[in-house]
Amino acid sequence: MATKRVSVFKSVLAADEQFALRIRREMDERGVLVLNLIGSPGAGKTSLLEGSLRRCRFRAAVVEGDIATARDAERIASCGVPVVQINTKGGCHLEANLVSKALGAFELDKIDVIFIENVGNLVCPAEFDLGEDCKVAVCSTAEGADKPLKYPHLFHECKAVVLTKKDLSPYVRFDRELFWGDVEALNGKAVKIEVDNLTGEGIDTWLEWVEECLEQKRRP
Ligand SMILES: Nc1nc2c(ncn2[C@@H]2O[C@H](COP(=O)(O)OP(=O)(O)OP(=O)(O)O)[C@@H](O)[C@H]2O)c(=O)[nH]1
Ligand SMILES: [Mg+2]
Ligand SMILES: [Zn+2]
């Protein structure tokens, strides 16, 4: 009985890996950059996107992942950008089969960058390949500086770490040196960016990094 359960689990994962491979192949052919934003509930993922979409020079689209509601998609739609909301109905992470369906709603010829906002969760979204070019860790000062070492997997996997709520740093006694030191120890290659989503400080630096990734992807 136990053996049977394991084999079913494996086949479901294998099927999802196929979806991820297909997404990656198609987006590579089209030269569309796909970024998978991962962070705790309330870390500031949607706020980061709102600030980015209002300023960016590339053509963007967004896939929103949430357990319930279309609230984040409504926020993104008000920025005038194509958006699809996925409701996982209890699922604590996005999977490639869900993302694949969502991508079908976009006119991909008119898109340069697709942002996927994963379900608010610092743990398992890091385990799942969505066919993205890279994962981005989004953390806020209000969560505390100890998160990289306590939740190391995402920090190992990501290409960039965006620290939000820079403005709150003094009020929550955020230890900046500790945070970035631990990120460096876990992943010396990760790009480190600090933003204040309320004033927009740091958003240009983040957008420059996204543009660099897009250029790199399209370079012959
Ligand atoms: N002070 C301050 N507040 C921020 C900043 N970024 C986001 N917030 C606030 O933090 C709260 C949560 O922000 P969201 O962008 O909805 O967070 P999220 O990561 O998308 O949350 P989920 O989708 O639920 O996982 C909101 O009240 C934002 O206004 C920031 O840089 N500074
Ligand atoms: Mg959100
Ligand atoms: Zn999960």
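## Strand β4 and its neighbours

Start in the sheet, where N36 has I116 of β4 as its bridge partner. That pairing belongs to a set of five bridges between strand β1 (residues 33-38) and β4, and the two strands run parallel. Bear in mind as you look around that this is a predicted model.

β4 also pairs with strand β2 (residues 60-66), again through five bridges and again in parallel. Here you can find E64 standing opposite E117 in β4. How many of the residues of β4 are buried? Five of its five are, so-called "mostly covered" in the plainest sense. Both faces are covered: V113, F115 and E117 sit on one side, I114 and I116 on the other, and all are buried.

## The magnesium site

E117 turns up again at the magnesium ion (ligand 2), where its OE is a donor alongside T46 (OG1) and D72 (OD). These protein donors lie 2.0 to 2.2 Å from the ion. If you like to read such a site along the chain, the spacing is T-x25-D-x44-E. T46 comes from helix α2 (residues 45-55) and D72 from helix α3 (residues 71-77); the two are 26 residues apart, a link between distant parts of the chain.

Are T46 and D72 buried or exposed? Both are buried. For D72 the relative accessibility is 12%, and it counts as buried because that is under the 20% cut-off.

D72 has another partner besides the metal: its side chain meets that of R75 in a salt bridge, 3.7 Å from N to O. R75 and D72 both lie in helix α3, three residues apart, which is about one turn of the helix. R75 has a relative accessibility of 31% and counts as partly exposed, whereas D72 is buried.

## The zinc site and N121

Which residues hold the zinc ion (ligand 3) as protein donors? They are C92 (SG), H93 (ND1) and C124 (SG), at 2.0 to 2.2 Å. Along the chain, the donors follow the spacing C-H-x30-C. C92 and H93 fall into separate accessibility classes: C92 is partly exposed at 34% relative accessible area, while H93 counts as buried at 14%.

Have a look at N121 while you are here. N121 is in the loop between β4 and β5 (134-140), and it is buried, with a relative accessible area of 13%. A polar atom of the N121 side chain lies 2.8 Å from the backbone oxygen of C92, one of the zinc donors. The N121 side chain also reaches the backbone nitrogen of V123, at 2.8 Å. Leaving aside neighbours within four places in sequence, the contacts of N121 are I38, G39, S40, P41 and C92.

## Salt bridges

Side chains of opposite charge can pair when their charged atoms come close. In this model the count comes to 19 salt bridges. One of them brings together the side chains of D109 and R30, at 2.7 Å from N to O. This pair links distant parts of the chain: D109 is in the loop between α4 (96-103) and β4 (113-117), R30 is in helix α1 (residues 2-30), and their positions lie 79 residues apart in the numbering.

Is D109 buried or exposed? D109 is exposed, with a relative accessible area of 61%. R30, at 38%, is partly exposed. The pair is also part of a network of salt bridges that links E26, R30 and D109.

Another salt bridge joins K150 to D146, with the closest N and O atoms 3.5 Å apart. D146 counts as partly exposed, at 31% relative accessibility.

## The β6-α7-β7 crossover

Further along, strand β6 (residues 160-164) and strand β7 (residues 191-194) run parallel and are joined by four bridges. To get from β6 to β7, the chain passes through helix α7 (residues 176-186), and this β-α-β crossover is right-handed. To find the pairing on screen, pick A160, which stands opposite V191 in β7.

Technical notes. Residues are numbered from 1 along each chain as its sequence is written. Chains are lettered from A and ligands numbered from 1 in the order in which they are written. This is a predicted model: local features need pLDDT of at least 70, side-chain atom pairs count only at pLDDT 80 or more; totals for chains, interfaces and linings use all residues. Side-chain values use heavy atoms; hydrogens and water are left out. Donors are N, O and S atoms within 2.8 Å of the metal (3.2 Å for Na, K and Ca); water is not among the atoms, so sites may look incomplete. Buried means under 20% relative accessible area, exposed over 50%, partly exposed in between (1.4 Å probe, protein chains only). A salt bridge is a side-chain nitrogen of Lys or Arg within 4 Å of a carboxyl oxygen of Asp or Glu. A polar contact is a pair of N or O atoms within 3.5 Å; within protein, one must be able to donate a hydrogen and the other to accept it, and residues adjacent in sequence count only if both atoms are side-chain atoms. Contact means heavy atoms within 4.5 Å. Two strands pair if DSSP finds at least two bridges between them. A crossover is right-handed if, with the strands pointing away from the viewer, the path from the first strand over the helix to the second runs clockwise.
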